[in-house]
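This report walks through one protein model, from overall fold to sheet to pocket. Please keep the structure open while reading.

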Amino acid sequence: MECGWGVIILLILYIIWDVNYFIRVVFTVVFGRLFQKKVKLTDTTSILGFCTSQDVDIFIRHMNNARYVRELDFARFHFYALTGLYEEIKKSKGGAVQGASSVRYRRTIPIFSSYRIETKLIWWDEKAIYLEQKFITSSDNFVRAIATSKQCITNVNVLDLMKKFPECVNRPAAPEELEIWLNAIELSSQKLRKDK
């Protein structure tokens, strides 16, 4: 009888929540912390992925665009865990939230293909960090998609936070494409403010 209730509860959880997402988050963070060495905040982190039948689009040939964004979440959590950045944010009583993202799809990831996602910190300002993430297929080492994301760090001055990491004492110049993207975001924000 207890086993039957357990199955029912598990089924309800799968209907109400994306249980696989939460399992994967925990696995990604725990595996990274237990079996991979810590890296500098300026290092590139990498996680592996595999395009399964749950990841494909309606034509069942390649990865669905929405899955790319989901996979980027796991790579970001992995980056936070290996660099110790999230621990520092929490010590400062802050949080992190996705502020914006842009994905450029160059070539599809076919079904049953393995790939890796490389995550790299490219810049930061007083309110956010900016990450570049690449999807690279294992078979040909080709960059299939590249994403830029703005991770807003709440309740913390990011410039002060980054000084806790010796490798980040000197902030690099913002890449030109990032500056253009940030200008586009600001123009969009101004337009939305005017519409109120």
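## Overall fold

The protein has six helices and five strands. Along the sequence, these elements follow the pattern α-α-β-α-α-β-β-β-β-α-α. The model is predicted.

The C-alpha atoms fill a box of roughly 60 × 45 × 40 Å along the principal axes. The protein has 196 residues, and 37% of them are buried. Take the contacts between residues at least 6 apart in sequence: 73% of these join residues at least 24 apart.

## The sheet

How are the five strands ordered in the sheet? The order is β1-β3-β4-β5-β2, in an open sheet with antiparallel pairing. The edge strands are β1 (45–50) and β2, each pairing on one side only. On average, neighbouring strands are turned by 25° against each other, direction ignored.

## Strand pairings

Start at the β1 edge. Strand β1 pairs with β3 (residues 114–124) over six bridges, in the antiparallel sense. In this part of the sheet, Leu48 stands opposite Arg116 of β3.

Next comes the pairing of β4 (residues 128–137) with β5, an antiparallel run joined by nine bridges. Here Glu132 stands opposite Thr148 of β5. The two strands form a hairpin with five residues between them. Asn141 in this hairpin takes a positive phi near 60°.

At the other edge, β2 runs antiparallel to β5 (residues 143–154). Ten bridges join these two strands. Ser101 stands opposite Ser149 of β5.

## The largest pocket

What is the volume of the largest pocket? It comes to about 250 Å³. Three elements give two or more residues each to the lining: α2 (19–35), α3 (65–83) and β2 (95–105). Helix α3 gives the most, with five residues.

The lining residues are Val29, Arg33, Asp73, Arg76, Phe77, Tyr80, Ala81, Tyr86, Ala96, Val97, Gln98 and Gln151. How many of the lining residues are nonpolar, polar and charged? Seven are nonpolar, two are polar and three are charged. Tyr counts as nonpolar in this scheme, so Tyr80 and Tyr86 of the lining fall in that group. The charged residues of the lining include Arg33, Asp73 and Arg76.

## Sheet and pocket together

Strand β2 belongs to both pictures. It is an edge strand of the sheet, and it also gives two or more residues to the lining of the largest pocket.

How values were computed: Residues are numbered from 1 along each chain as its sequence is written. This is a predicted model: local features need pLDDT of at least 70, side-chain atom pairs count only at pLDDT 80 or more; totals for chains, interfaces and linings use all residues. Side-chain values use heavy atoms; hydrogens and water are left out. On a 1 Å grid over the protein atoms alone, a cavity is a set of points where a 1.4 Å probe fits but cannot get out, and a pocket is an open set with protein on both sides within 12 Å along at least five of seven lines; lining residues have an atom within 4 Å of a point. Grid points are joined across faces, edges and corners, and a volume is the space filled by probe spheres set on the points. Helices (H or I, at least four residues) and strands (E, at least two) are DSSP runs, numbered from the N terminus. Two strands pair if DSSP finds at least two bridges between them. Axes are lines fitted to C-alpha atoms, for helices over the stretch in contact, and angles run from 0 to 180 degrees between N-to-C directions. Buried means under 20% relative accessible area, exposed over 50%, partly exposed in between (1.4 Å probe, protein chains only). Contact means heavy atoms within 4.5 Å.
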